[in-house]
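Colleague: I'd like to go through this one with you and hear the reasoning behind the labels. Could you put it up first?

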Amino acid sequence: MGFHYANYVRWQGRCREMFLKDHAPDIIDELSQGLALVTVSVSCEYLSELFAFDHLLIKMILGEVKQNRITMLFEYWRVTDQGEELIAKGKQEAACMRREQDKTIPTPIPATLKKALTNFR
């Protein structure tokens, strides 16, 4: 039996979190001070089924930066002794927002985040 399809979206979120931890750790501090990376849309195209004990590699690539929005592309690869097989493709769009009192307003993408993202084109 394969993995439930919702796991792929969960893995996108985890990949995004690990990216921040490894490449823009100051953004994690900003998230506790009012910055919000709001997921606007998420999708995943499934090409092949993934099974228990399969070795999985997830690649995150910057798709586009536009105003306060970031589009990230994800590739899910099954890794075997024979090589890698693309098993799914995902896409996630997040908007940079700032929480102020009871409102959430658009805010520019922080410079450190923008710089870190450009290394993943």
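**Reasons behind the labels**

Modeller: Let's begin with Phe53, which sits in the loop between S1 and S2. Keep in mind that this is a predicted model.

Colleague: OK, why is Phe53 called exposed?

Modeller: Exposed means a relative accessible area over 50%. Phe53 has 86%, so the label fits. Its backbone is worth a look too: phi of Phe53 is near 75 degrees, a positive value in a residue other than glycine.

Colleague: And what makes Gln67 exposed?

Modeller: The cut-off is again over 50%, and Gln67 comes in at 71%, so it counts as exposed. Gln67 is in a loop as well, the one between S2 and S3. Phi of Gln67 is positive, near 55 degrees, and this residue isn't glycine either.

Colleague: On to the helices. How do you know that the span of helix H1 agrees with its number of residues?

Modeller: H1 covers residues 6–23, which is 18 residues, and at 1.5 Å a residue they should span 26 Å. The C-alpha atoms at its ends are 26 Å apart, so the two values agree.

Colleague: Which residues of H1 are buried?

Modeller: Asn7, Tyr8, Gln12, Cys15, Arg16, Phe19 and Leu20. Buried means under 20% relative accessible area. Those residues pack against helices H2 and H3 and strands S1, S2, S3 and S4.

Colleague: What about H3, which residues are buried there?

Modeller: In H3 they are Leu113, Ala116 and Leu117.

Colleague: Why do you say they line one face of the helix?

Modeller: Look down the axis of H3: its buried residues fall within an arc of 100 degrees, so they line one face. Ala111 and Lys115, on the other side of H3, are exposed. As general background, an α-helix has 3.6 residues a turn, so residues three or four places apart point the same way. The cover over the buried residues of H3 includes H1, H2, S1, S2 and S3.

Colleague: Which residues have the most contacts inside the largest nonpolar core?

Modeller: That core has 24 residues, and the ones with the most contacts inside it are Tyr8, Phe19, Leu20, Ile27, Ile70, Tyr76 and Leu113. At least two residues of this core come from each of H1, S1, S2, S3, S4 and H3.

Colleague: And what does Leu113 touch?

Modeller: Leaving out residues up to four places away in sequence, Leu113 touches Phe19, Leu20, Ala24, Ile27, Leu37 and Ile70. Contact here means heavy atoms within 4.5 Å.

Technical notes:
Residues are numbered from 1 along each chain as its sequence is written. This is a predicted model: local features need pLDDT of at least 70, side-chain atom pairs count only at pLDDT 80 or more; totals for chains, interfaces and linings use all residues. Side-chain values use heavy atoms; hydrogens and water are left out. Helices (H or I, at least four residues) and strands (E, at least two) are DSSP runs, numbered from the N terminus. The expected span of a helix is 1.5 Å times one less than its number of residues. Buried means under 20% relative accessible area, exposed over 50%, partly exposed in between (1.4 Å probe, protein chains only). The arc is that of the directions from the helix axis to the C-beta atoms. A nonpolar core is a set of buried Ala, Val, Leu, Ile, Met, Phe, Trp, Tyr and Cys residues joined through side-chain atoms within 4.5 Å.
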